[in-house]
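Colleague: Could you take me through some charged pairs and say how each label is earned?

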Amino acid sequence: MDISITNWCDKGCSFCYKSSTKRGKHMAFGDYKNVIDQAADMGVFQVALGGGNPNQHPNFIEILEYTAAKGIVPNYTTNGRGLSKEILEATRKHCGAVAVSAYAPYDETAETIARLASSGVKINVHFILDAESIGTAIDWLKEPPSFLRGINAMIFLNYKPSGRKVFEKRMLRNSGRLDEFFELATSGQRKLKVGFDACCVSGVFARTNANPTMVDACDAGRFSMYVSEDLSVYPCSFQSGLADGDQLSEQTSLLEIWTKSKNMSSFRSYFASQRCGGCTHRSKCMNGCPLFDDLVVCGNR
């Protein structure tokens, strides 16, 4: 299990997906408590628990209880496996929301949504948007399947060239339906409440007339950071397979990493740079993704 930490709470919750394997390991509960203690001292509002299926961590209920006791709201992603009655009750009591990962043929997705809804849990659905799945996304926005009736919102996550296997042809920018999707998703014609991960916002800014005050650029290193199960710290979870992070230790605190890390500073410098030159959306989009240039779907680069 790994965590993302964010120090804002007035925007819709967004989470990351990243590669997880059977060779992965859980974050030790003692390490987790140390991270949460430091996060609370920094004024963090919420954490997003991820890394595969975090509710299968052996100390998961204690994790939710400890986080909430420190004044931080826990949220997590799940595919629904391992959701015991005890975990569902702890989730209802302590969590702001749960994100259900949607995977075809969506039977398990529907089952998980029903279980969470019957337990009184607020549900968002995470849908990986790519050149192939965009058709399903458009169909659902026009006429949602019945199992989505009880959710709070559909959150679209831009498919990233990361993980165990990368399919370049699936990159969202390869779709010919981008204008159609973004226009529908930000219009009053959609039949679902919608949110986007930060990797989609270049499309929102460039392809719609959405109010820019309701959308923000990538928050990595600006409002959020990621802590892996081995206590490596990054601005973004997807950098963890690409570079060495800063190591949280007795000698180096979370606050020191947040304020003094060269890696954190490099992300902030990127967002403030003239990477996209005279683009009229640059001040809002902040040059798009610092890690994957092909994620940008504005059509301007």
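Modeller: Happily; here are a few labels, each set against its cut-off, and please keep in mind that this is a predicted model.

Colleague: Why is the contact of aspartate 37 and lysine 70 called a salt bridge?

Modeller: Their side chains meet at 3.3 Å, N to O, and the cut-off is within 4 Å, so the label applies. Aspartate 37 lies in helix α1 and lysine 70 in the loop between α2 and β3, so the pair ties together parts that are 33 residues apart in sequence.

Colleague: What makes lysine 70 partly exposed?

Modeller: Its relative accessibility is 38%; partly exposed runs between the buried limit, under 20%, and the exposed limit, over 50%, so the term fits. Aspartate 37, with 26%, is partly exposed too.

Colleague: How do you know that aspartate 179 and arginine 207 form a salt bridge?

Modeller: The N to O distance is 2.8 Å, and that meets the criterion of within 4 Å. The pair links distant parts of the chain, with aspartate 179 in helix α6 and arginine 207 in helix α7, 28 residues apart.

Colleague: Why is arginine 207 called buried?

Modeller: Arginine 207 has a relative accessible area of 18%, and buried means under 20%, so the name follows. Its partner aspartate 179 has 39% and is partly exposed.

Colleague: And what makes arginine 173 and aspartate 294 a salt bridge?

Modeller: Here the N to O distance is 3.6 Å, which also falls within 4 Å. Altogether, the structure holds 12 salt bridges.

Key. Residues are numbered from 1 along each chain as its sequence is written. This is a predicted model: local features need pLDDT of at least 70, side-chain atom pairs count only at pLDDT 80 or more; totals for chains, interfaces and linings use all residues. Side-chain values use heavy atoms; hydrogens and water are left out. Helices (H or I, at least four residues) and strands (E, at least two) are DSSP runs, numbered from the N terminus. Buried means under 20% relative accessible area, exposed over 50%, partly exposed in between (1.4 Å probe, protein chains only).
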